[in-house]
Amino acid sequence: MKKKYLLIAIGFFFLFETIKNPQKVASYFMTKKKLLDKIYLDFGIDISKYSALFGVPQSLITAIIAVESSGNTKATASAGERGLMQITPIALKQVNEYFKKSFTKDDLFIAEKNIIVGTYFLSYLWHKFNNWDLVTRAFNYGEGNIRKNPNLAESYFIKVKKFRDVFST
């Protein structure tokens, strides 16, 4: 129920902002669009290839890259996440077990390898949840945490959804 009210509030915010200042709203979306275009220009071949291979929407992969790293292949975070999709050590271990490979932490700074690992992990989560909204939340907050409370990671989910909506236009 809270999610519904939040989405309604966001919709009203954009409606009123558009009436008050249409240029501001247009530039907000244009900024997101430019970032998505840059990401797709730089990494679109790999995004398309692994989207098709693992059955993950290109819009989701691209949006996660935008939110997680803004397209920076060298991005890192305090919990050990690395690369474009900010892959965690736990996700890397799961993917290595599946592929019978040994992607290293440093491999995650290579765009194609990061996209392989991240997209496979999204596919893995899809098979667990069968719902892209929950997959998005679990990618950020962890599978076990989302099983306990599916409403966690709301702000992350909203950020990714906004980028997906812009990608789809």
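Me: What counts as a helix here?
Reply: A helix is a DSSP run of H or I with at least four residues, numbered from the N terminus. The model is a predicted one. Helix 6 gives 4 residues to the lining of the largest pocket, the largest share.

Me: Which other helices supply the lining of the largest pocket?
Reply: Helix 4 (89-99) and helix 5 (111-129) each supply at least two residues, as does helix 6 (132-141). The lining has 19 residues. Among those nearest the pocket centre are Phe-139 and Asn-140.

Me: What makes Gln-86 count as buried?
Reply: Buried means under 20% relative accessible area. Gln-86 has 7%, so Gln-86 is buried.

Me: Why is Ser-70 called partly exposed?
Reply: Partly exposed lies between the 20% and 50% cut-offs. Ser-70 has a relative accessible area of 46%, so the term fits.

Me: What is notable about phi in Ser-70 and Gln-86?
Reply: Most residues other than glycine have a negative phi. Phi of Ser-70 is near 55 degrees, a positive value. Phi of Gln-86 is near 50 degrees, also positive. Ser-70 is in the loop between helix 3 and helix 4. Gln-86 is found in that loop too.

Me: How do you know that helix 3 meets helix 6?
Reply: Contact means heavy atoms within 4.5 Å. Leu-60, Ile-64 and Glu-68 in helix 3 meet Trp-132, Thr-136, Phe-139 and Asn-140 in helix 6. The contact residues divide into 4 nonpolar, 2 polar and 1 charged.

Me: How do the axes of helix 3 and helix 6 cross?
Reply: The axes come within 12 Å and cross at roughly 30 degrees. The crossing is right-handed.

Notes
Residues are numbered from 1 along each chain as its sequence is written. This is a predicted model: local features need pLDDT of at least 70, side-chain atom pairs count only at pLDDT 80 or more; totals for chains, interfaces and linings use all residues. Side-chain values use heavy atoms; hydrogens and water are left out. On a 1 Å grid over the protein atoms alone, a cavity is a set of points where a 1.4 Å probe fits but cannot get out, and a pocket is an open set with protein on both sides within 12 Å along at least five of seven lines; lining residues have an atom within 4 Å of a point. Axes are lines fitted to C-alpha atoms, for helices over the stretch in contact, and angles run from 0 to 180 degrees between N-to-C directions. A crossing is left-handed if the near helix is turned anticlockwise from the far one by less than a right angle, and right-handed if clockwise. Ala, Val, Leu, Ile, Met, Phe, Trp, Tyr, Cys and Pro count as nonpolar, Asp, Glu, Lys and Arg as charged, and the others, Gly among them, as polar. Buried means under 20% relative accessible area, exposed over 50%, partly exposed in between (1.4 Å probe, protein chains only).
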